[in-house]
Every structure is written in structure tokens, then in C-alpha cells.
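Student: I have a chain open in the viewer and would like a close look at one part of it, the disulfide and its surroundings. Could you walk me through that part and then set it in the context of the rest of the chain?

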Amino acid sequence: QVQLVESGGGLVQPGGSLRLSCAASGRSLSNYIMGWFRQAPGKDREIVASIRWSTGFADYQDSVKGRFTIARDNARNLLYLQMNSLKPEDTAVYYCAVRGLGTTMYSVWGQGTQVTVSS
């Protein structure tokens, strides 16, 4: 069973940057897709970006394209989300999650990390 632990959230001014990290342990991730999700107060959880671990192929929600970058460190089993040009509407709890190739449901989730964008 994969275990996930996020870190790197915090308070940042509009236009600033943050990098989130997600440490994965428990098994090889070569047959998995990892994603970053977020949930703002009163809103549904939404996917922000995903990456196929074996190839590095990434996909993004339209609202973050050009501003956020998802990346992974194979050697250290770390997932990252580099967030630039942050906006107040990016404020949310951010979660990393994993699903197996060929499945549609993300089955393992981290505990979440708060990102607040405010002046």
C-alpha cells in the first residue's frame, strides 16, 4: 500500500510562488498515475494536475496551465507541484493522490496541505 505525505503549503502574496512536495512510500510507483487535487471552502474537490510516473507525461487543469508544473523525482519517490503567479482563487487545501494504471479512481490520498494566497 502506498502512503503519501504532503508538505510545502503556506501563506503567499498574489503573484508569488510555492512548491508543494508529496513523499510516497510503500511500493514502486512505476505502474501508477499521481495527481494533485485541491479543495476550497464550500467547493468540490478538483484535480489540478496529474503525471504518469513511468513516463513523466503530465496533464493540467486549464486554470493552472502555464502557472503550475507537476514533476516527479524517481530516485526519491517525490512528487512536486511548482506553483507560480499564484492568485487568491488558488487558495485551497491541496492533496496528492495515486491511482493505478487502467483504473479511474484515486485510491490513496495524503493528508493535505493548506495554501493561502492573500495580501
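Tutor: Gladly; what follows starts at the disulfide, moves to some residues around the chain and ends with the chain as a whole.

Please keep in mind that this is a predicted model. The structure contains one disulfide, and the partners are Cys 22 and Cys 96, with their sulfur atoms 2.1 Å apart. That is inside the 2.5 Å within which two cysteine sulfur atoms count as a disulfide. The link joins distant parts of the chain: Cys 22 sits in strand β3 (residues 18–25), while Cys 96 sits in strand β9 (residues 92–100), and 74 residues separate the two. If you look along the S-S bond, you will find an angle of 60° about it, which makes the link of Cys 22 and Cys 96 right-handed. Cys 22 is buried, and Cys 96 is buried too.

Now stay with strand β9, where Tyr 94 is also placed. Its relative accessible area is 0%, and since anything under 20% counts as buried, Tyr 94 is therefore a buried residue. Setting aside neighbours within four places in sequence, Tyr 94 has contacts with Glu 6, Leu 20, Phe 37, Arg 38, Val 48, Phe 68, Leu 81, Met 83, Gly 112, Thr 113 and Val 115. One of these partners, Leu 20, falls in the range 18–25 of strand β3, the strand that holds Cys 22. As a further distance to check in the viewer, Tyr 94 and Val 12 lie 82 residues apart in sequence and 14 Å apart in space, from C-alpha to C-alpha.

Met 83, another contact of Tyr 94, leads us on to Arg 67, which touches it as well. Arg 67 belongs to the loop between β6 (58–60) and β7 (68–73). Arg 67 has a relative accessible area of 11%, so this arginine is buried. Apart from residues up to four places away in sequence, Arg 67 touches Gln 82, Met 83, Asn 84, Ser 85, Leu 86, Lys 87 and Asp 90.

Ser 85, from that list, deserves a stop of its own. Ser 85 lies in the loop between β8 and β9 and has a positive phi of about 50°, although it is not a glycine. With a relative accessible area of 42%, Ser 85 is partly exposed. A positive phi also turns up at Asn 77, again in a residue other than glycine, with a value near 55°. Asn 77 is found in the loop between β7 and β8 (78–83).

Let's step back to the whole chain. The protein chain has eleven strands and zero helices. Its radius of gyration is 13 Å, close to the 14 Å that the globule rule gives for 119 residues, so the chain is as compact as a globular protein of that length. Along the principal axes, the C-alpha atoms fill a box of roughly 40 × 25 × 25 Å. Of the 119 residues, 44% are buried. Among contacts with a separation of 6 or more, 53% are between residues 24 or more positions apart.

On the outside, the accessible surface comes to about 6,200 Å², and carbon and sulfur atoms account for 48% of that. As for charge, the protein chain carries 12 positive and 8 negative side chains, and the centres of the two sets are 6 Å apart.

How values were computed:
Residues are numbered from 1 along each chain as its sequence is written. This is a predicted model: local features need pLDDT of at least 70, side-chain atom pairs count only at pLDDT 80 or more; totals for chains, interfaces and linings use all residues. Side-chain values use heavy atoms; hydrogens and water are left out. Helices (H or I, at least four residues) and strands (E, at least two) are DSSP runs, numbered from the N terminus. Buried means under 20% relative accessible area, exposed over 50%, partly exposed in between (1.4 Å probe, protein chains only). The radius of gyration is taken over C-alpha atoms; the globule rule is 2.2 Å times the number of residues to the power 0.38. Contact means heavy atoms within 4.5 Å. Accessible areas come from the Shrake-Rupley method with a 1.4 Å probe; for residues, only the protein chains shown count as cover. Lys and Arg count as positive and Asp and Glu as negative; His and the chain ends are not counted. The place of a charge is taken as NZ of Lys, CZ of Arg, CG of Asp or CD of Glu.
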